[in-house]
Amino acid sequence: MTLSTAGRRARTAALAVGLALLAAGTAWGQDDHFPFGPFRMYATADDPNGRVLSTYLQAVDEDGAVVPRVGEREIGLRRAEYEGQLSRVVERPEVLGELAAVFSRRHPDRPRWVEVSVVQTAHVLVDGVPTDERTEVLATWTAP
Amino acid sequence: MSRWLFAPVALARIAWLRTLLYLFVPLDVLVTTPWVAAHDTAPASLYSPLLVGRLLEHPAPATWWVHLVQVLLLAVAVAAASGRAPRLLGVAVFGLYFEWMLIAMSYGKVDHDRFAFLVALAVLPTVGAAWHRDRTPSEAAGFAVRCVTLAVVATYVLSVAAKHRFGGGLPNWLESAVFVRAVLRRATPVGDLLLDVPWLLQVAQYGLVAMELAAPVLLVLTGRRLYLALTAYLLFHLGTYAAIAIVFLPHLVCFAAFLPLERLLGERQATSEDAAPGRAAAGSEQAGVPPGSR
């Protein structure tokens, strides 16, 4: 089965537009331009003598138990998601309280969270080998 | 160029791709990326819409909306996998899956594992009726297959461009500790072993770029060489999964477009007695044409 001239033209034009958007996204775009943004998975260059930051939420429930690494199982958000909006969370710790409410909504049978903190671990690299690691608390929300 | 773009492919390949890709949707939604559905309780304060979402004035997805899109997407994808009403159902799957992606990617993290899959969902409806035993060569099928294979290859090649752009030049990226960072942040048993041999991770960075730049050969190779090359790329993705528990499943499903799926079943006449009712028009250009009306 052959295509009509119009069918070929429409397909070729659509492909050209798609390729142009993809090229522009790769050259100048950001993740914001999904699905034509740059394929930037692991595209950053980390200094072999620098620090690797790893941020996560840590919660304490009303029984005093610590939930060390909060993720999608607890609040339906991946670590990379709240990490990608870190400034938003650190500047407004009440967002952490909203996340505690989300946990209770998703897990009504489990003890409520009374404290949620943003914890950041910095792994210190020397010639690409992790040596020391330091952890600091960036923000904390406590249940009123 | 035009001849290459529209090189005819048997309609059966489109039929198989529809079955495979549309049935992958429920697997994706329910099993391999369940975190998208988990955005049903995400707080609006963390909603960070993409450009497309802002242009559409897409509000923060409400719980009921996420559930509605999920149910519709699952139902329509399964219906589309049957091969019936391929244009209508295909367009509906694309629209719903795209909305699913807006729900997925609008909370601060955008994934890059499904560009080819989105392209496949976009082009599958551009081919009309297609059945699994129909070996009729079709230019529309050829174009659709070419778009998917181009998208797979572009994902690799353009990610090298991104490394150059975001890594302060490709040489700088190659000499960086990006894989150490990847493994540190996503610890797995294999990854922990790799941390003790940083030079191996460094070599892997060179290997990755070589592999990504070589991806266009997938558009040229045929037969056994093509299968070997595809296997090599598959092994790379499995190795990545072992080290950092990330696998580009929707991308990998699109590898099927490279394969002669039309050979899976023997050819049979379109009017074969075991063609289901309503499928009697298989092989004709339009679905729903009653037998004998042409």
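Helices, of at least four residues, and strands, of at least two, are taken as DSSP runs and numbered from the N terminus. In this predicted model, that numbering places B:A245 in the loop between α12 and α13 (249-253) of chain B.

**Backbone features in loops**

Helix α12 of chain B, residues 223-244, contains 22 residues and reaches 32 Å from its first C-alpha to its last, close to the 32 Å expected at 1.5 Å a residue. Just after α12(B) comes B:A245, which takes a positive phi of about 55°, a value noted here in a residue other than glycine. Because 12 other C-beta atoms lie within 10 Å of its own, B:A245 is exposed. A positive phi, near 40°, is also found at B:A85, again a residue other than glycine. B:A85 belongs to the loop between α4 and α5 of chain B, and with 17 C-beta neighbours inside 10 Å it counts as partly exposed, since a buried residue would need 20 or more and an exposed one 12 or fewer. In chain A, the peptide bond that joins A:F34 and A:P35 is cis, with omega about 5°, and A:P35 is found in the loop between α1 and β1 of chain A.

| Residue or bond | Angle | Location |
|---|---|---|
| B:A85 | phi near 40° | loop between α4 and α5 of chain B |
| B:A245 | phi near 55° | loop between α12 and α13 of chain B |
| A:F34 and A:P35 | omega about 5° | A:P35 in the loop between α1 and β1 of chain A |

**Packing of α4 and α5 in chain B**

The helices on either side of the loop that holds B:A85 also pack on each other: the axes of α4(B), residues 63-81, and α5(B), residues 86-105, come within 9 Å and cross at roughly 145°, and the crossing is left-handed. From α4(B) the contact draws on residues including B:V66, B:V69, B:L73 and B:V76, while α5(B) contributes, among others, B:L89, B:V93, B:L96 and B:W100. By class, this contact holds 15 nonpolar residues, with one polar and one charged.

**Helix α11 of chain B and its two faces**

Helix α11(B), residues 198-214, should span 24 Å, because its 17 residues are counted at 1.5 Å each, and the 25 Å between its end C-alpha atoms agrees. Its buried residues are B:P198, B:L201, B:Q205, B:L208 and B:E212; seen down the axis of α11(B), the buried residues fall within an arc of 65°, so they line one face of the helix. The face turned away from that buried side carries the exposed residues B:W199, B:L200, B:V203, B:Y206, B:G207 and B:A210. The cover over the buried residues of α11(B) comes from both chains, and includes β4 of chain A as well as α7, α8, α9 and α10 of chain B.

**Contact between the chains**

The contact between the chains takes 47 residues from chain A and 52 residues from chain B. On the chain A side, the elements that give two or more residues are α1, β1, α3, α5, β3 and β4, and α5(A) gives the most, with six residues. By class, this side has 23 nonpolar, eleven polar and 13 charged residues.

**The surroundings of B:T32**

B:T32 is found in helix α2 of chain B, residues 11-32, and counts as exposed because it has 12 C-beta neighbours inside 10 Å. Leaving aside residues up to four places away in sequence, B:T32 touches B:L27 and B:L249. The C-alpha atoms of B:T32 and B:P250 are separated by 9.7 Å, although these residues are 218 apart along the chain.

Definitions and conventions:
Residues numbered from 1 in each chain as written. Chains lettered and ligands numbered in written order. Predicted model: local features only at pLDDT ≥ 70, side-chain atom pairs only at ≥ 80, totals over all residues. Contact = placed C-beta atoms within 7 Å. Nonpolar A, V, L, I, M, F, W, Y, C, P; charged D, E, K, R; others polar. Axes fitted to C-alpha atoms, helices over the stretch in contact; angles between N-to-C directions. Left-handed = near helix turned anticlockwise from the far one by under 90°. Expected span 1.5 Å × (residues − 1). Arc of directions from axis to C-beta.
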